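Reader: I should like a close look at the charged side-chain pairs in this model and at the elements that hold them. Please state the criteria where they are needed.

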Amino acid sequence: MRVLMIVRQFSPWVGGTERQAQKLAAKLIELGVDVSVVTGWWAWGTPRREIIETIPVFRNFTCWGMFGLKGLRKFGGYIYILSLFRYLWKQRQKYDLIHIHMLSYPAFPAVLAGRWFGKKTIVKTANSGQGSDILRMQKNDLLPGQRQMLPVALGADQIVAINQQVIEELRQAGVPSERIVVIPNGVEVNGLSHKCDYGLDGTVTVVFVGRLHSQKGLNVLLQAFKQVIRSRLGISWRLWLLGDGPLRPELETMAKQLGIAQEVEFWGQVNNVPDYLAQADMFVLPSQAEGMSNALLEAMAHGLPCVATRISGNTDLIQHGENGLLVHPESETALAEALIHLSDDEALRQQVGRMARQMVEAEYSIDSIAKRYIRLYRTLLQA
């Protein structure tokens, strides 16, 4: 099988979609599938062709998009559509199936090329709820004209839903059930160290991993963390925020205004996330919308007790009180109470942490997810 993966952005860009695509591509290659990745040439100085891990990567021309200038990046999106279609035409003898990561404007030329060149196409969704792929295309979020591209993109041979809400969103958009397949995100579990000691050493360390973006609900987290500190004056608390994004200056200012700047550490983008997870006592994800969070999956795989908002994606992973705690989104009081509850109950921390790891090992390992994709590829190609 020769699979061509299309990702709008790829390494060195770091995001949930990009990380998941890279993990899956590497695992598929390990399992004997011929995989290559085509993406946009958005960052000046990155090579047009390179091998990342074992993955052959080609970056399509985006014209002025790579300079990041206001207005020109969107124009670069149109150039990318044309250059991607040209690439798919020129390379049409070198791949059997097109796998598009994220329902966005690159899916339009990819599905169109699949129809014209007789190639099977798969589109994998990335987000649901307030930030769903379908909603963003309908709103022309990334590129004017996406609304008109959406019907073509939804015409892929198979669309992968990563959670239950995505299934409903696809059905409402007119996609028949027989063209929807559910395959969640996967995480590496082999050789991964996991938490064994659930005692507290005098300081409670809470960690968040993700982009510092309004969708992640970090303003609610900071307000909740202030309540936690005030409620447990005899305990030392610290909050680690791993990741970067447009809200960082605003969040740093907010932490100072709330009087918790000494307890909140902004680590920025880090490459050794597992090292931080190994030192943490709890993981928190206060998002307003998710597809299926890689960060939450990785924290659960480490056996960390997790607190997350009760939204689609999170509810697909966490059964409240069994392998984690769920709270109402945008409620700083509920979030604070959940963190305090976990800090007060070592038995609960141990139970939800161990159950979380067992569930991820059984159902969400990247090995099992890659094998599910291989079965899907074979089914499509045999048809």
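**Salt bridges and their surroundings**

Author: R59 counts as buried, at 2% relative accessibility; buried means under 20% relative accessible area, exposed over 50%, and partly exposed in between (1.4 Å probe, protein chains only). The model is predicted, and local features need pLDDT of at least 70, side-chain atom pairs pLDDT 80 or more, while totals for chains, interfaces and linings use all residues. Residues are numbered from 1 along each chain as its sequence is written, and side-chain values use heavy atoms, without hydrogens and water.

The partner of R59 is E50: their side chains meet in a salt bridge with an N to O distance of 2.7 Å. A salt bridge here is a side-chain nitrogen of Lys or Arg within 4 Å of a carboxyl oxygen of Asp or Glu. Side chains of opposite charge can pair when their charged atoms come close. E50 has a relative accessible area of 25% and is therefore partly exposed, whereas R59 is buried. By the stated rule, the count comes to 12 salt bridges.

A second pair joins K23 and E298, whose closest N and O atoms are 2.6 Å apart. This pair links distant parts of the chain, for K23 belongs to helix α1 and E298 to helix α10, 275 residues apart. Helices (H or I, at least four residues) and strands (E, at least two) are DSSP runs numbered from the N terminus. K23 is partly exposed because its relative accessibility is 23%, while E298, with a relative accessible area of 11%, is buried. The pair also belongs to a wider arrangement, since R19, K23 and E298 are linked in a network of salt bridges.

The setting of E298 deserves attention. Helix α10 spans residues 294-301 and is mostly covered, with 8 of its 8 residues buried. Among the buried residues are L296 and L297, which precede E298, and A299 and M300, which follow E298. Just after α10, G303 adopts a positive phi of about 85 degrees.

A third pair is formed by D141 and R136, whose side chains meet in a salt bridge at 2.5 Å, N to O. Both residues fall in the intermediate class: D141 is partly exposed at 37% relative accessibility, and R136 is partly exposed at 27%. In sequence, D141 directly follows N140, which has a positive phi of about 55 degrees although N140 is not a glycine. N140 lies in the loop between α4 (133-138) and α5 (146-153).

Backbone geometry elsewhere may also interest you. Most residues other than glycine have a negative phi, and most peptide bonds are trans. E330 has a phi near 70 degrees, a positive value in a residue other than glycine, and this residue lies in the loop between β14 (325-327) and α12 (332-344). The peptide bond from S11 to P12 is cis, with omega near 15 degrees. P12 is placed in the loop between β1 (2-7) and α1 (16-30), and α1 is also the helix that contributes K23 to the pair with E298.

For a nonpolar counterpart, consider L251 in helix α8 (residues 248-258). L251 counts as buried because its relative accessibility is 2%. From L251 to A261 the separation is 10 residues in sequence and 9.9 Å in space, C-alpha to C-alpha.
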